[in-house]
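These are my notebook entries on the packing and the charged pairs of one structure. I began by fixing a term, then went through the core and the salt bridges.

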Amino acid sequence: MTRVYDLARELGKEILKTEEVTKLMEAKKAFDADEEAVRLLREYTELQQEMQMKMASGHLSMEEEDEVKKVLTEKSQLIQKNTAAINLFSAETEYNNFINSVFSIIQSTMSGEEEQCGGGCGSGGCSGCSGCH
């Protein structure tokens, strides 16, 4: 079992060297440095959580719900216009797609399935596409 853990650590180290991780770290750093982006996302998240708690407890009138939804929509639109937020969300999506493709390869290997690739992965092999599996 120790070998499996050693391989997992090695895989983790290799993943840290990928373009997807580099982009994600750079986008996260830029986002964290953008006070407006951080504030907008924090306010949006807090308002959304507050609304969910009130809805779950039955303490949210239809008027309050409509008002909160309006404010959430406005904040969402502001977030979607913020370059740092857009770049972070994009980098997170690319990273998640990459990790999902790695996990898919592991699963198909464990199940004994042949990896089916249409050859459209490009020069980086399957690590560059995330759509084969």
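Entry 1, terms. I take buried to mean under 20% relative accessible area and exposed to mean over 50%, with partly exposed in between. By that scale I entered Asp32 as partly exposed, because its relative accessible area is 44%. I note that the model is predicted.

Entry 2, the nonpolar core. I looked up which residues make up the largest nonpolar core and found ten in all: Leu24, Ala27, Phe31, Ala37, Leu40, Ile79, Ala84, Ala85, Leu88 and Ala91. I then assigned the core to helices: H2 (19-33), H3 (35-57) and H5 (83-111) each supply at least two of its residues. Helix H5 gives the most, with four residues.

Entry 3, one core residue. I listed what Ile79 touches, leaving aside its neighbours within four places in sequence. Ile79 is in contact with Leu40, Leu41, Tyr44, Ala85, Ile86 and Phe89. I also recorded a second, separate core of five residues, among them Leu47, Leu60, Val68 and Leu72.

Entry 4, salt bridges. I found nine salt bridges in the structure. As background, I note that side chains of opposite charge can pair when their charged atoms come close. I followed three of the pairs in detail.

Entry 5, Lys28 and Asp32. The side chains of Lys28 and Asp32 meet in a salt bridge, at 3.0 Å from N to O. Both belong to helix H2 and stand four residues apart, so about one helical turn separates them. Lys28, at 39% relative accessibility, is also entered as partly exposed.

Entry 6, Lys23 and its partners. I asked which residues are linked with Lys23 in a network of salt bridges. The network consists of Glu19, Lys23 and Glu94. Between Glu19 and Lys23 the closest N and O atoms are 3.2 Å apart. These two residues both lie in helix H2, four residues apart, about one turn of the helix. For the salt bridge of Lys23 with Glu94, I read 3.3 Å between the closest N and O atoms. Because Lys23 lies in helix H2 and Glu94 in helix H5, this pair ties together parts that are 71 residues apart in sequence.

Entry 7, exposure in the network. I checked whether each member is buried or exposed. Glu19 is exposed, with a relative accessible area of 53%. Lys23 counts as partly exposed at 36%, and Glu94 is partly exposed at 33%.

Note on methods
Residues numbered from 1 in each chain as written. Predicted model: local features only at pLDDT ≥ 70, side-chain atom pairs only at ≥ 80, totals over all residues. Heavy atoms only, no water. Core = buried A, V, L, I, M, F, W, Y, C linked by side-chain atoms within 4.5 Å. Buried < 20%, exposed > 50% of the residue type's maximum accessible area, 1.4 Å probe, protein only. Contact = heavy atoms within 4.5 Å.
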